[in-house]
Amino acid sequence: MKAAAVVVLAASGAEFAEDKWAMQLPMLAIPAAAIALFSIPAARTIRGGAVQASKEPPSARDRRAAAAPGWVFPVQVLFTGSLLAVVQQLFIAPWPLRIGTVVAVWSVYAAVVYLLWIRQKSRYRRFVATGSPETGTPAVRVFRKAGVFLTVALTAAVWFTLGGQASRLPDRMSMAGHEHAHAGDTAASQSVSVAELTGPRTGTPDRSFTLEAKKTTMTLPSGEKKEAWTYNGQLPGPELRVKQGDLVEVTLINTDIDAGVTIHWHGVDVPNAEDGVAGMTQDAVMPQEKYVYRFIAEQAGTNWYHSHQQSSKQVQMGLYGVFIVEPDTTLPRQTADLAVVLHDWQAENGTSVSLGQLNRLQRKTAEPGTLVRLRLVNAGNSRAPIYISGVPFQVAAIDGTDIHEPADLSDSRLELAAGGRTDVTFVMPDTAVGLSRQTGPFVQDGNVLVISPSNGGMPPDAVKGSVFDPASYGTPMRTKFGPGTRYDRNYKLVFDNRLGFYNGTFTFVQTINGRVFPDAPMFKVREGDLVKMSFANRGFDDHPMHLHGHHIQVLSRNGKAVAGSPWIADTLNVAPGETYEVAFVADNPGIWMDHCHNLDHAAVGMSAHLVYEGVYSPFEIGSETVNLPE
């Protein structure tokens, strides 16, 4: 069974199985073969002798045969191999696999096997000589076993203490590692600071907004009251709408968020200094401070904004909102354009799912014949299913980029990546249309959205249809990347999870190429490079990977080329066992985060960086600074 599993995994790529065939499989196969060749025949012989002896006590010869190490030892080795395979899978799951890791694991295995053999032979000799494999009185044997237990416990405690201490992050460090430089350094004088890569500093903005971060008491759908951290006291924060080409100015004011806040413009390829990552592109905005973001909204589409200071906590607490860049064209006269945000609260009675505003059934009205556009934004940490019933619909855009020639869909389930967006359009019928995160009827106390001509009626039940596949939807069109493209940089990212320490805490760490921040990869590029990245997920969890400042084009999934409309995204969900190839143009200089947008994963180190040559960051993170990002 193990061999079959390794073969299946290897079919998805060598990175899925290399540690298993190099370590786990041999450790199980060798003793299993020994059991088949020696232990099973010996056991049959012993059993045959016992049957012949009937109810008579076993003879000394039969007892010696039952204690012989030749048939007991392979069983013990198989157990040892199974245990070590589990330990390796949970604690030592590196990629790429290094020869030192293989040698270390095999050395431990060989040492344990050798000690088992010595012990079993010693017990057998004592049995032959005295009739019993044990030595000493029962009290001595109990004392000896207690000593072994205490030794193991002490070793584990020392490992736990030293491991936790070794994993602690420095009190002050650069997120950009060796790319960090201070003003006055030689590197700084020859490079460009991220603080210089700003949007327009002068000129009258076309749209100006003020967002005040503050604590607010909100009422959840369950009726439970909960403290939220909000922009302008709203949850989600205010919906910001601008036109393509507008110069946008946003003033962030922190009223009382003690840890500080920022604003990251998720999906907007802003200049690096406007990206809003505490400790990378700016310092966190502390209570009673303010910060001004200025950038040109160049690409139309559905985006969102959220704090990038302690983001795993602050986004969950409510510091997020929708940012929409409308095309610089005139929309049809009858158009209903609605943004719907998905979010998960950790309430007292479990997870409270929010679809849009924090209430129960929500209603919107639209006249028959109206073109309805639903902008779906997943602000949660998990992939979110969406069911639309009552009307055929089209997926018009993914992550703010339009689909080329979309086709009608009915009862298809949409799967929104954490941090991802999907725009859906349909022509309003005479009857109600429903939007839900689960199948079944649209009930009055359900957390659903109903759109109807008369603010009444209920849509048909949501059904579990086929999953929408963006790799085969729409029609192809010419792009910058094709089968003959020659790339300047090629990088491979392998995602995994294992038990370990991160910043002093024992947890399930989420790794990129076997490492966590600050040891996770730095991907270097030069402005103008064509960059290709390969993703492979060896772990147990989804990893919605989000590259700041750029959009990627998905080239293939699981070895099969994208056949539909160009699939452009900034947040790509890589499910367990999946592989992707993606490409992008390095056309936005800076130092950019490339992290899992399950923000709980980013909080335990699943964060890499894209670094342009000649760029450095003057900012620092750590407990001695104000910056605590993920």
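Select the lining of the largest cavity first: by class, this lining has 6 nonpolar, no polar and 2 charged residues. The residues to highlight are M533, F535, M545, L547, I552, D570, V582 and D594. Please note that the model is a predicted one. The enclosed volume is about 50 Å³. Two strands, β24 (530-537) and β25 (543-547), each supply at least two residues of this lining.

Next, display the second largest cavity. The search of the whole structure finds 2 cavities of 30 Å³ or more, and the second largest holds about 30 Å³ of space. Select W265, G267, V268, D269, H546, L547, H548, G549, H550 and D570 to show its lining. Here the classes are 3 nonpolar, 5 polar and 2 charged residues. L547 and D570 belong to the lining of both cavities.

Now turn to the salt bridges, of which the structure holds 23. Begin with R172 and E620, whose closest N and O atoms are 2.9 Å apart. R172 lies in the loop between α6 (138-166) and α7 (186-189), and E620 in the segment after β33 (615-616), so this pair ties together parts that are 448 residues apart in sequence. Which of the two partners is buried, and which is partly exposed? R172 counts as partly exposed because its relative accessibility is 43%. E620, with a relative accessible area of 15%, is buried.

Move on to R375, and display D337 and D423 with it. The side chains of D337 and R375 meet in a salt bridge at 2.8 Å, N to O. D337 lies in strand β10 (residues 335-347) and R375 in strand β13 (residues 371-378), so the salt bridge ties together parts that are 38 residues apart in sequence. Both D337 and R375 are buried.

R375 also forms a salt bridge with D423, at 3.4 Å from N to O. Since D423 lies in strand β18 (residues 421-427) and R375 in strand β13, this second pair ties together parts that are 48 residues apart in sequence. D423 is buried, as is R375. To see the wider arrangement, select E239, R241, K243, E326, D337, R373, R375, D402 and D423: salt bridges that share partners join these residues into one network.

The backbone offers the next stops. Select L235 and P236, which are joined by a cis peptide bond with omega of about -10 degrees. P236 is found in the loop between β3 (225-231) and β4 (240-243). N232 lies in the loop between β3 and β4 as well; its phi is near 60 degrees, a positive value in a residue other than glycine. N232 counts as partly exposed, at 29% relative accessibility.

A cis peptide bond also runs from F517 to P518, with omega near 10 degrees. Look for P518 in the loop between β22 (505-512) and β23 (522-525). Then select N558, in the loop between β26 (552-557) and β27 (560-561). Although N558 is not a glycine, its phi is positive, at about 55 degrees. The relative accessibility of N558 is 44%, so this residue counts as partly exposed.

For the final stop, switch to a surface representation and select Y114, L115, W117 and I118. These residues make a nonpolar surface patch of about 420 Å². L115 is found in helix α5 (residues 99-130). Is L115 buried or exposed? L115 is exposed, because its relative accessible area is 55%.

Notes. Residues numbered from 1 in each chain as written. Predicted model: local features only at pLDDT ≥ 70, side-chain atom pairs only at ≥ 80, totals over all residues. Heavy atoms only, no water. Patch = residues over 30% accessible without salt bridge, like charges linked within 9 Å, V, L, I, M, F, W, Y side chains within 5 Å. Areas by Shrake-Rupley, 256 points an atom, 1.4 Å probe, with all protein chains shown as cover. Salt bridge = Lys/Arg side-chain N within 4 Å of Asp/Glu carboxyl O. Helix = DSSP H or I, 4+ residues; strand = E, 2+ residues; numbered from the N terminus. Buried < 20%, exposed > 50% of the residue type's maximum accessible area, 1.4 Å probe, protein only. 1 Å grid on protein atoms, 1.4 Å probe; cavity = no way out; pocket = protein on both sides within 12 Å on 5 of 7 lines; lining within 4 Å. Points joined across faces, edges and corners; volume = space filled by probe spheres on them. Nonpolar A, V, L, I, M, F, W, Y, C, P; charged D, E, K, R; others polar.
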